[in-house]
Protein chains: 4
Amino acid sequence: MIFEKRVDFFDTDLMQVTHHANYIRWFEIARIEFLRSIGITLDEIMQDGYLFPIRQVEAKFQNPSHFDEILQIEVIPTALTAAKMEFEYKITRKDPDKTRVIVSGKSQNVFTNIQTGKISKLPDKYVSKFKKVFEE
Amino acid sequence: MIFEKRVDFFDTDLMQVTHHANYIRWFEIARIEFLRSIGITLDEIMQDGYLFPIRQVEAKFQNPSHFDEILQIEVIPTALTAAKMEFEYKITRKDPDKTRVIVSGKSQNVFTNIQTGKISKLPDKYVSKFKKVFEE
Amino acid sequence: MIFEKRVDFFDTDLMQVTHHANYIRWFEIARIEFLRSIGITLDEIMQDGYLFPIRQVEAKFQNPSHFDEILQIEVIPTALTAAKMEFEYKITRKDPDKTRVIVSGKSQNVFTNIQTGKISKLPDKYVSKFKKVFEE
Amino acid sequence: MIFEKRVDFFDTDLMQVTHHANYIRWFEIARIEFLRSIGITLDEIMQDGYLFPIRQVEAKFQNPSHFDEILQIEVIPTALTAAKMEFEYKITRKDPDKTRVIVSGKSQNVFTNIQTGKISKLPDKYVSKFKKVFEE
């Protein structure tokens with residue numbers, strides 16, 4: 001799945017490029033959009049009594065991006081189970097002449113029980129949607 | 001009360017100055033530090049069942065500030081009652097050769113009941129601390 | 001002109017609503033989108049040797065917004081001259097059942113010469129585009 | 001070197017914990033403070049014609065932190081050469097009863113020539129300061 005994001009003015013820093021911490025935020029938007037595309041919202045997960053803390057993130061910043069550029073954020077699920085979600089990300093420019101990778105990365109989230117804070121398995125209604133992703 | 005804040009790298013934008021929305025965040029730090037200085041924390045207010053939504057903010061951006069500069073954020077309470085808090089702010093550089101005002105502004109917060117969301121009066125233990133501020 | 005913006009996860013705070021400083025950032029996105037809609041980009045203004053520092057912003061936070069809600073940010077130019085831009089903003093939810101105003105506000109930017117830092121008039125090619133806005 | 005940082009209100013998200021992307025920003029503050037402690041500022045590096053883009057960051061989010069908590073950000077240089085800087089980070093709470101690790105991570109920055117954008121070696125005056133760090 002590919003999600004588009006324009007670099008906003010406030011995303012830049014004094015080096016006149018996108019500040020790197022923003023890409024970590026955009027990874028988050030991308031995985032939320034991915035879940036929405038398979039019929040899952042974080043609101044529903046929370047209403048069912050679960051949270052989804054992030055445990056790990058990694059990013060390689062390969063080329064800069066700039067104000068007003070439209071980026072394409074590709075998000076690829078690499079593991080989706082009752083206990084965790086893992087994704088990989090690849091950010092490029094939309095402009096076809098500029099195909100170099102801007103940022104690549106990956107992340108891991110776990111599911112926890114909202115009351116106990118402990119790692120906890122998501123109900124089947126979510127897991128069945130996860131399974132479909134890998135069957136397709 | 002004066003609160004010091006260094007301009008961080010990620011606070012700047014491609015004009016190589018502090019992005020203006022950060023000053024609005026620093027107004028918030030300043031009022032929280034002011035409350036702490038008179039013995040009130042937001043955690044205690046929330047545990048007592050109240051929230052403190054902001055209703056209004058205004059800022060005049062008079063001069064730019066830059067990466068690594070240390071700013072002094074002066075916060076002046078102009079109204080502190082059981083129902084609302086109003087503050088004025090004046091941000092200058094710490095460096096004594098640079099005394100021009102960077103930003104001036106003001107804000108209004110109200111107190112609401114955490115259950116009903118409606119405007120609600122804070123208990124006396126807070127109001128008595130507020131009164132002392134204006135007696136001194 | 002109306003610009004749509006979804007409330008991202010990282011836009012929220014522990015009160016479980018959109019943190020107020022984000023609206024100030026979204027005012028900026030809205031005015032940049034407005035300029036784009038009349039054929040002006042900030043990159044072109046900078047390449048022509050001008051900056052556009054913000055001088056004033058005001059916001060009234062009337063109702064909260066929440067994670068995942070789609071907001072509509074209406075931006076209305078109230079002054080557009082060779083020397084300054086003034087806008088008003090009104091943010092509502094897209095959801096038709098929720099028509100209450102979330103935030104209203106206004107801002108003023110001036111144009112300055114990138115070399116001298118002094119207030120400076122934009123070239124006619126911009127001013128003619130500004131004039132068209134008010135003629136229509 | 002240990003740098004202290006209070007969790008600000010706007011650093012939290014609707015899970016009522018610090019949003020993870022902020023830790024990536026605080027890694028940056030920590031390495032800038034480390035450089036300052038050995039007599040190097042980013043401003044000086046830029047005035048000498050060099051930039052210091054980040055190439056890689058990794059973080060493990062082990063425990064949550066909360067509004068108003070004071071964190072200690074330990075920054076450990078693992079490589080400091082004319083061509084790159086590598087650091088490791090460990091974030092804990094200052095409160096002595098709460099010694100669990102909040103976040104651990106690492107980063108790599110390279111030095112580039114401000115004109116060419118290419119990787120470039122820093123002058124000796126910086127490298128000699130780097131060497132002292134590992135001699136001590």
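**Exercise 1. Do the copies meet through the same surface or through opposite ones: which is it for chain C and chain B?**

Solution. Keep in mind that you're working with a predicted model.

Step 1. Check how the interface residues match up. For chain C, 100% of the interface residues are also interface residues in chain B, so the copies meet through the same surface.

Step 2. Look at how one chain maps onto the other. A turn of 180° with a shift of 0.0 Å along the axis lays chain C on chain B, with an RMSD of 0.0 Å. That's what a two-fold axis does.

Step 3. Find the axis in your viewer. Go to C:Glu58, whose C-alpha is 2.2 Å from the rotation axis, the closest approach of any residue of chain C.

**Exercise 2. Work out what chain C brings to its contact with chain B.**

Solution.

Step 1. Start with the head count: 15 residues of chain C are in contact with 15 residues of chain B.

Step 2. Sort the chain C side by element. Helix H1 (20–37) and strand E3 (54–61) of chain C each give two or more residues. E3(C) has the largest share, with 8 residues.

Step 3. Sort that side by class. You get 9 nonpolar, 2 polar and 4 charged residues.

Step 4. Now see what the strands do. Strand E3 (residues 54–61) of chain B pairs with E3(C) in the antiparallel sense, over 5 bridges. For a landmark, pick B:Ala59, which sits opposite C:Val57 in E3(C).

**Exercise 3. Trace the sheet that runs through chains B and C, and say which strands stand at its edges.**

Solution.

Step 1. Walk across the strands. The order is E1(B)-E4(B)-E5(B)-E6(B)-E3(B)-E3(C)-E6(C)-E5(C)-E4(C)-E1(C), which makes an open sheet of 10 strands with antiparallel pairing.

Step 2. Pick out the edges. Strand E1 (2–6) of chain B and strand E1 (2–6) of chain C each have a single partner strand, so one side of each has no neighbour in the sheet.

Step 3. Add the twist: from one strand to the next, it averages 20°.

Step 4. Zoom in on one pair inside chain B. Strand E5 (residues 84–93) and strand E6 (residues 101–110) of chain B run antiparallel and are joined by 9 bridges. Within this pair, B:Tyr89 faces B:Gly105 of E6(B).

Step 5. Put the helices on. Helix H1 (residues 20–37) of chain B packs on the sheet, where it touches E1, E3, strand E4 (70–80), E5 and E6 of chain B, along with E3 of chain C. The direction of H1(B) makes about 60° with that of E4(B). H1(C) packs on the sheet too, touching E3 of chain B as well as E1, E3, E4, E5 and E6 of chain C. Its angle to E4(C) is about 60°.

**Exercise 4. Describe how H1(B) and H1(C) meet.**

Solution.

Step 1. Take the geometry. The two helix axes come within 9 Å and cross at roughly 165°. That makes H1(B) roughly antiparallel to H1(C), since angles over 145 degrees count that way.

Step 2. Note the hand: the crossing of H1(B) and H1(C) is right-handed.

Step 3. List who touches whom. H1(B) uses B:Ala21, B:Ile24 and B:Arg25, and H1(C) uses C:Ala21, C:Ile24 and C:Arg25.

Step 4. Classify them. This helix contact has 4 nonpolar, no polar and 2 charged residues.

**Exercise 5. Now run the analysis on chains D and A.**

Solution.

Step 1. Count the contacts: 15 residues of chain D are in contact with 15 residues of chain A.

Step 2. Find the elements. On the chain D side, helix H1 (20–37) and strand E3 (54–61) each supply at least two residues. E3(D) gives the largest share, 8 residues.

Step 3. Classify the chain D side: 9 nonpolar, 2 polar and 4 charged residues.

Step 4. Check the strands. Strand E3 (residues 54–61) of chain A and E3(D) pair antiparallel over 5 bridges, and A:Ala59 has D:Val57 as its bridge partner.

Step 5. Check the helices. The axes of H1(A) and H1(D) come within 9 Å and cross at roughly 165°, so these helices are roughly antiparallel. H1(A) passes H1(D) in a right-handed crossing. The residues in contact are A:Ala21, A:Ile24 and A:Arg25 on H1(A), and D:Ala21, D:Ile24 and D:Arg25 on H1(D).

Methods:
Residues numbered from 1 in each chain as written. Chains lettered and ligands numbered in written order. Predicted model: local features only at pLDDT ≥ 70, side-chain atom pairs only at ≥ 80, totals over all residues. Least-squares fit on C-alpha atoms with pLDDT ≥ 70 in both. Contact = placed C-beta atoms within 7 Å. Helix = DSSP H or I, 4+ residues; strand = E, 2+ residues; numbered from the N terminus. Nonpolar A, V, L, I, M, F, W, Y, C, P; charged D, E, K, R; others polar. Pairing = 2+ DSSP bridges. Axes fitted to C-alpha atoms, helices over the stretch in contact; angles between N-to-C directions. Parallel < 35°, antiparallel > 145°, perpendicular 65-115°, else oblique. Left-handed = near helix turned anticlockwise from the far one by under 90°.
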